[in-house]
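Here is a short tour of a protein and DNA model, written with a computational chemist in mind. Please have a look at the structure first, and then we can walk through it together.

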Number of protein chains: 2
Amino acid sequence: MLTIGELASYAGVSVRTVRHYHAKGLLPEPERDHLGYRRYDAGAVVELIRIRTLTRAGVPLARTRELLRAGEEEFAAAVADIDRRLEAEIRQRQRRREHLAGLTAGDGLALPPEVAGYLARLRELGVGERLVRAERDGWVLLAAHAPERVAEWIARKREQLADPRLAGFYLTLGRALDHAPDDPRTAERADELAAWLTRLAEEKGEDYLGDVDLEPPLITLMDARALDTLPAARRLIELLRERGWTGWTKLERVPPPTQRGVCEPFPTSSLRKGWS
Amino acid sequence: MLTIGELASYAGVSVRTVRHYHAKGLLPEPERDHLGYRRYDAGAVVELIRIRTLTRAGVPLARTRELLRAGEEEFAAAVADIDRRLEAEIRQRQRRREHLAGLTAGDGLALPPEVAGYLARLRELGVGERLVRAERDGWVLLAAHAPERVAEWIARKREQLADPRLAGFYLTLGRALDHAPDDPRTAERADELAAWLTRLAEEKGEDYLGDVDLEPPLITLMDARALDTLPAARRLIELLRERGWTGWTKLERVPPPTQRGVCEPFPTSSLRKGWS
DNA sequence: TTTGGCCCTGACGCAAGGTCAACCTCCCAC
DNA sequence: GTGGGAGGTTGACCTTGCGTCAGGGCCAAA
């Protein structure tokens with residue numbers, strides 16, 4: 001007669017595993033000796049080896065019992081099922097490895113490399129850290145929602161940055177946002193910005209700035225994030241509005257006040273509609 | 001402000017996941033509204049997306065917190081570590097799939113295909129089911145302990161079966177074991193068997209039958225399993241011993257009684273020593 | 001007024017055991 | 001006879017990343 005340790009060693013499993021199988025009802029509880037120790041016969045070794053063979057092949061314990069007594073058909077079906085599961089698990093890990101390979105510390109964490117490059121370019125141009133961070137968060141939100149459109153967007157952005165006036169626009173913007181909201185220079189910056197915007201609209205067409213085909217809730221979310229990140233932005237937006245420009249992520253001309261009622265600049269209520 | 005469901009939907013995770021991250025301290029608990037509902041700002045979406053990015057790449061939650069704030073070196077080291085883990089997991093599943101492909105229902109469950117073939121051959125020869133089962137269990141034990149030696153053993157066995165006298169030996173044995181232990185024909189079978197054994201020893205050499213280089217504990221275990229499976233075997237072994245043959249898995253001439261004391265036929269005490 | 005849809009907390013379940021804790025027993029050496 | 005070490009016992013909590021109840025609250029629309 002064998003003790004649990006001997007049984008386990010013959011079958012190549014741990015003692016804990018044997019007890020686990022008892023608890024799961026996979027292996028019948030043997031007799032106990034006068035000390036209460038389990039005592040096994042050689043048949044238990046064979047049974048345990050058969051169980052172990054299945055579990056080593058990835059059969060879940062719950063299915064092991066049925067499979068030990070299954071006919072050929074049932075067995076083959078179960079095996080095919082388990083094989084599919086294993087294959088799916090392998091593919092999942094492979095996908096994870098690919099994701100993992102694309103990860104970088106810090107800024108680039110939730111961003112594709114082209115966005116990281118774009119942010120680096122902004123820094124290179126001397127754009128303030130605060131504005132770069134706000135940009136980054138916007139891109140994080142965008143990349144999460146529509147990753148397939150990021151490349152196209154980035155290309156457009158880089159093209160714009162190639163124009164020194166747009167680069168200048170960013171620098172001006174960054175400087176404006178570094179002021180305290182009540183700094184008198186903010187008004188000057190707003191003048192400059194409004195002038196930039198107007199010039200851009202004239203040169204590139206009235207739709208150039210507002211050509212942001214994102215879902216309104218996303219725009220609202222990105223605006224909200226920007227306003228949280230950039231304390232001076234709220235004041236700046238007010239000032240810009242007085243100068244004929246409204247919005248943030250999507251900049252537009254202030255529409256003529258033909259309709260009654262106050263136009264809420266950032267309708268937070270619409271924020272509450274996700275894309276499910 | 002966002003509800004938990006909106007936050008979750010923006011970040012592409014489940015509500016349950018968000019609460020889980022709160023419980024784990026990965027995502028800070030936000031303010032509550034007058035109903036006790038959590039209310040999130042847009043920054044929480046960004047944070048959650050960053051967490052999600054890591055977990056989707058296979059980073060365990062426990063490491064996610066550190067990685068969010070890690071420097072390049074630490075990050076790269078952790079990523080390498082996790083990548084190794086994923087690779088190991090993939091290899092494990094691949095090995096399982098290979099195991100799985102080799103599985104068959106019933107007999108062949110814990111046995112390599114060549115053993116299954118050998119057992120089928122025994123059945124073909126008309127060897128009784130009971131003996132085949134006993135053989136099978138012996139092979140299960142053997143294959144579990146020394147899988148690399150199974151092929152060689154099977155080759156030898158098949159070679160032996162090619163000799164019609166050995167095939168006949170098996171048939172005789174099988175018939176003997178199908179009798180009740182006290183069946184008078186058992187003695188006749190024992191005579192036949194002893195005659196077979198003696199002839200074999202003469203023809204193939206005295207060591208042919210006993211040339212079983214297995215560890216004694218394994219032999220004892222296999223003997224024990226055979227005796228449990230074959231109720232008539234115990235009596236048959238006694239009768240064979242009277243006729244000059246002892247053992248089962250490893251058959252030997254009864255040694256001359258030079259030493260005093262009774263020779264225990266199956267020292268169950270030695271069964272208690274596994275291979276650890 | 002009911003119904004539906006969101007939210008809350010708390011707790012169990014899963015796969016396959018690992019790892020204590022607290023205790024017992026046997027065997028060997030001193 | 002006593003101490004140590006290597007076995008054994010049960011029981012219960014820990015792991016991962018959530019899913020899924022159970023049981024209940026709130027509000028708005030029909």
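Helix 2 of chain A is the top contributor to the surface near DNA strand C, giving three residues. Keep in mind that this is a predicted model. In total, 16 residues surround DNA strand C. Elements giving two or more residues to that surface are helix 2 and helix 4 (61-68) of chain A, along with helix 1 of chain B.

On the other strand, helix 2 of chain B gives the most to the surface near DNA strand D, again with three residues. DNA strand D is surrounded by 17 residues. Here, two or more residues each come from helix 1 (4-11) and helix 2 (15-24) of chain A, and from helix 2 and helix 4 of chain B.

The two surfaces can be set side by side:

| Surface | Closest residues | Classes |
|---|---|---|
| DNA strand C | A:Thr17, A:Leu61, B:Thr3, B:Gly5 and B:Arg38 | seven nonpolar, seven polar, two charged residues |
| DNA strand D | A:Gly5, B:Arg16, B:Thr17, B:Pro60 and B:Leu61 | seven nonpolar, seven polar, three charged residues |

Now to helix 3 of chain B. What should its length be? With 15 residues (42-56) at 1.5 Å a residue, helix 3 of chain B should span 21 Å, and its end C-alpha atoms are 21 Å apart, so the two values agree.

This helix is mostly covered, with 11 of its 15 residues buried; among them are B:Val45, B:Leu48, B:Ile49 and B:Arg50. The buried residues of helix 3 of chain B pack against helix 7 (129-145) and helix 11 (216-229) of chain A, and against helix 1 (4-11), helix 2 (15-24) and helix 4 (61-68) of chain B. After helix 3 of chain B comes B:Gly58, with a positive phi near 95°.

Definitions and conventions:
Residues numbered from 1 in each chain as written. Chains lettered and ligands numbered in written order. Predicted model: local features only at pLDDT ≥ 70, side-chain atom pairs only at ≥ 80, totals over all residues. Helix = DSSP H or I, 4+ residues; strand = E, 2+ residues; numbered from the N terminus. Expected span 1.5 Å × (residues − 1). Buried ≥ 20, exposed ≤ 12 C-beta atoms within 10 Å, placed from the backbone. Contact = placed C-beta atoms within 7 Å. Near = placed C-beta within 6 Å. Nonpolar A, V, L, I, M, F, W, Y, C, P; charged D, E, K, R; others polar.
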